[in-house]
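Got your viewer open? Let's take a short walk through this model, one selection after another.

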Amino acid sequence: MKVKKFTAPTMPEAMKTVRRELGQTAVILDSREKKSKGLLGMFQKKQIEVIAATDPNPVQKRNKGSELSQDQYKVDKRHQPSEPFRKNEEDLLAEIRRLSERVDSVKKDNSFLPAPILNIQQQLLNQEIKQNLVDEIVNDLLQQYYSSEEMLNEEDLMESVKKYLSNQMNDSFSSMQIGDSKHVYLFGPTGVGKTTTLAKLAATASINEGKRVAFITLDTYRIAAIEQLKTYAKILNVPIEVAYNQEDLKAAKEKFKDFDMVLVDSAGRNYHKKEYIDQVKELIDFTDDDQLFCVLSLTSKEKDLQQIYQKFSDLPINKVIFTKADETSQFGSIYNLWSEYSFEISYITHGQNVPDDFKKATSDLVVDMLVGEHKW
């Protein structure tokens with residue numbers, strides 16, 4: 001294998017030189033931007049450094065019409081490669097190992113990235129999207145960038161990022177409305193805003209969709225939570241029942257059997273304790289028609305978000321409501337968590353106002369959040 005380094009002002013010029021000296025079969029192993037030394041450190045010019053390779057002895061393709069003689073075709077299985085052949089093979093393996101090490105070092109060094117891609121990479125990392133997920137996006141951008149002979153600018157590349165994310169998450173946004181199910185349950189740890197979110201769901205369903213809505217609360221551990229939900233119920237003119245056990249829950253469901261939607265507020269408990277999830281399973285007899293939402297705060301640490309969702313996924317939950325979007329400017333945790341668990345993203349809440357600070361999650365909205373273009 002013949003390996004050579006080329007330097008040129010632009011990538012197209014570098015490619016012309018590569019093809020002229022190494023031929024059309026040459027492959028690019030590495031490329032990076034570098035600046036030439038200027039006078040007293042000034043007047044530096046941008047240069048493109050390319051490492052290319054080609055096989056000086058490529059295998060010749062046999063014409064369709066040609067036939068090997070019987071003697072040429074026969075191979076002695078005991079025949080061992082000649083010394084020159086073995087030497088060439090060893091050299092090739094050594095070159096492959098060297099190039100592999102070179103590629104690994106390049107992956108750790110961002111200086112080879114074109115400036116517009118480097119800027120986008122940093123923007124995604126600033127949103128706290130995981131490095132491995134950003135690397136996948138950057139690899140996609142590099143292919144597009146060099147395929148276009150560097151004609152794509154940063155704005156074009158950002159549109160490609162949005163399209164990439166949208167395609168990745170395409171099946172994660174349902175057209176289903178909150179009121180399409182009879183019983184709707186909200187689960188999540190203390191302090192994520194479940195009760196306020198419940199009120200927003202109720203207001204949206206009753207005011208915007210004209211549905212008859214009722215509340216049931218299972219949060220009997222915090223008196224303040226019951227009073228808060230009763231206050232919302234009074235304002236929205238929505239009936240409410242408190243369920244202390246399984247019999248109370250069944251009675252409340254029976255009482256509200258003629259309502260269009262029953263919103264159930266669960267207790268905010270320590271999600272680290274498995275017995276809480278076991279108690280929920282014993283208390284509630286879920287059906288396939290029920291909607292279960294895991295409510296997660298975007299201000300939580302990412303490791304906590306993963307542990308919370310993992311615990312609550314023991315229940316038949318596959319939908320998430322993200323709250324407190326107005327209290328942070330970094331939303332990469334949405335994509336990180338989704339990449340691991342592939343749930344449906346249903347709603348985004350961004351304040352305390354009922355029902356205004358509440359949006360149905362869409363691909364455009366979430367993608368704009370992920371790239372840092374949507375602020376609340």
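**Stop one: the sheet**

Start by showing the strands of this predicted model. You'll find an open sheet of 8 strands with mixed pairing, and its order reads β6-β5-β7-β4-β8-β9-β10-β11. Now select 240–242 and 358–360: these are β6 and β11, the edge strands, and each of them pairs on one side only. Turn the sheet a bit and look at its twist, which averages 25° from one strand to the next.

**Stop two: a pair of strands**

Next, select residues 183–187 (strand β4) and residues 291–297 (strand β8). In which sense do β4 and β8 pair, and over how many bridges? They run in the parallel sense, with 4 bridges. Zoom in on Leu 186, and you'll see Phe 293 in β8 standing opposite.

**Stop three: a helix on the sheet**

Keep the sheet on screen and add residues 194–208, which form helix α7. This helix packs on the sheet and touches β4, β5 (213–217), β7 (261–265), β8, β9 (319–323), β10 (344–349) and β11. Compare directions too: α7 makes about 175° with β7.

**Stop four: two crossing helices**

Finally, select residues 332–341 for helix α12 and residues 363–370 for helix α13. Their axes come within 8 Å and cross at roughly 115°, so α12 is roughly perpendicular to α13. Which residues meet here? Show Gly 332, Ile 334 and Tyr 335 on the α12 side, then Val 366, Met 369 and Leu 370 on the α13 side. Color this contact by residue type and you get 5 nonpolar, 1 polar and no charged residues.

Terms used:
Residues are numbered from 1 along each chain as its sequence is written. This is a predicted model: local features need pLDDT of at least 70, side-chain atom pairs count only at pLDDT 80 or more; totals for chains, interfaces and linings use all residues. Side-chain values use heavy atoms; hydrogens and water are left out. Axes are lines fitted to C-alpha atoms, for helices over the stretch in contact, and angles run from 0 to 180 degrees between N-to-C directions. Angles under 35 degrees count as roughly parallel, over 145 as roughly antiparallel, 65 to 115 as roughly perpendicular and the rest as oblique. Contact means heavy atoms within 4.5 Å. Ala, Val, Leu, Ile, Met, Phe, Trp, Tyr, Cys and Pro count as nonpolar, Asp, Glu, Lys and Arg as charged, and the others, Gly among them, as polar. Two strands pair if DSSP finds at least two bridges between them.
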